Every structure is written in structure tokens, then in C-alpha cells.
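Me: I have a structure open and would like to take a close look at a single part of it. Could you walk me through that part slowly and then show me how it fits with its surroundings?

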Amino acid sequence: MSKLERKVREALEKVVDPETGLNLIEMGCIKNISEKDGEVTIEFTPTSPFCPIAFFLAASIKDAAEKVEGVKSVKVLSRGHMMDEQINEFVNRPRSNTS
């Protein structure tokens, strides 16, 4: 595990599932963190295939990882949810910059 991957993992320890009060690392929801040249990919599995807050969790994962020093970009991939495709499209869409 690279130093940056370790920093991202530490940041994700602060992302808490509001339904359980546990962080996503403790819950085993973060399946993989990989990094190459500052580009980070995080694979996560929501708590169930029908998890009602999967979109929220994916966005929270991305937000936490983007704040880590040295991270240039973040891609979050949901695995095992009935709406994986929609979650992945939502969380990884380009954000508009409004001033």
C-alpha cells in the first residue's frame, strides 16, 4: 500500500454510516483503494444490495478522499448494489464550478 493510499484509508476511517455509527473501514465496506500518480480509485460495497443511502455514502467517500493532500482525482466504484451503474455515474460525474 502506497503512502497516499494509506492517507486515503485514514480519511475514510472518518466516513461514518449514519445508520450504524461505524465507519466504512470498520464495516468492511471499502474493498480496495488503489492509486497511481495521485489518481485514486476506491471500490466499496454498500451494506446491502438495496442500501437506501448508497448514493450518500459514495459521495461521502469521494469528498473525504478528495481532501487528502496529494490526491489529484478520485473515482469511486460501487459494487453489489442494485443501482451500481447509477451510483457510479452520479458520484463520478464532472462537477460544475459555480462562483
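Which residues are buried in α3?

Reply: Happy to help! Please keep in mind that this is a predicted model.

Let's start with the helix itself. In α3, the buried residues are Asp84, Ile87, Asn88 and Val91. Look down the axis of the helix and you will see that they cover an arc of only 95 degrees, so they sit on the same side of α3. There is a general rule behind such patterns: an α-helix has 3.6 residues a turn, so residues three or four places apart point the same way. Now turn to the face of α3 that points away from the buried side: there you find the exposed residues Glu85 and Glu89.

What lies over the buried side? The cover for the buried residues of α3 includes α2 and β3. Asn88 is a good residue to zoom in on. It belongs to helix α3, and it counts as buried because its relative accessible area is 14%, where the limit is under 20%. Setting aside neighbours within four places in sequence, Asn88 is in contact with Val76, Leu77, Ser78 and Arg79.

For contrast, follow the chain past the helix. Ser96 lies in the segment after α3. With a relative accessible area of 63%, Ser96 is exposed. Ser96 and Phe50 are 46 residues apart in sequence, and their C-alpha atoms are 29 Å apart in space.

Next, the sheet. β3 is part of an open sheet of three strands, ordered β1-β2-β3, with mixed pairing. The edge strands are β1 and β3, each of which pairs on one side only. On average, neighbouring strands in this sheet are turned by 15 degrees against each other, direction ignored. Between β1 and β2 the pairing is antiparallel and runs over six bridges. You can find one matching position there: Ile33 stands opposite Ile42 in β2. As a general point, strands of a sheet pair through backbone hydrogen bonds, either parallel or antiparallel.

Now let's bring the helix and the sheet together in the interior. The largest nonpolar core has 27 residues, and those with the most contacts inside it are Val8, Leu12, Ile30, Ile42 and Ile61. Two or more residues each come from α1 (3-12), β1 (30-36), β2 (39-44), α2 (54-66), β3 (73-78) and α3 (84-92). So your helix is one of the contributors to this core, while α2 gives the most, with six residues. In soluble globular proteins, nonpolar side chains tend to be buried together.

Ile42 shows how many parts meet here. Leaving aside neighbours within four places in sequence, its contacts include Val8, Leu12, Ile30, Ile33, Ile61, Ala65, Val74, Val76 and Leu77. Val76 and Leu77 may look familiar: Asn88 of α3 is in contact with them too.

One last stop is the cysteines. The count of disulfides in this model is zero. Cys29 is in no disulfide, and the nearest cysteine sulfur, which belongs to Cys51, is 7.8 Å away; a disulfide would need the two sulfur atoms within 2.5 Å. Cys29 counts as buried because its relative accessibility is 4%. Cys51 is also buried, at 4% relative accessibility.

To come back to your helix: its buried residues lie on the same side, with α2 and β3 among what covers them, and Glu85 and Glu89 are exposed on the face turned away.

How values were computed. Residues numbered from 1 in each chain as written. Predicted model: local features only at pLDDT ≥ 70, side-chain atom pairs only at ≥ 80, totals over all residues. Heavy atoms only, no water. Core = buried A, V, L, I, M, F, W, Y, C linked by side-chain atoms within 4.5 Å. Buried < 20%, exposed > 50% of the residue type's maximum accessible area, 1.4 Å probe, protein only. Helix = DSSP H or I, 4+ residues; strand = E, 2+ residues; numbered from the N terminus. Contact = heavy atoms within 4.5 Å. Pairing = 2+ DSSP bridges. Axes fitted to C-alpha atoms, helices over the stretch in contact; angles between N-to-C directions. Arc of directions from axis to C-beta.
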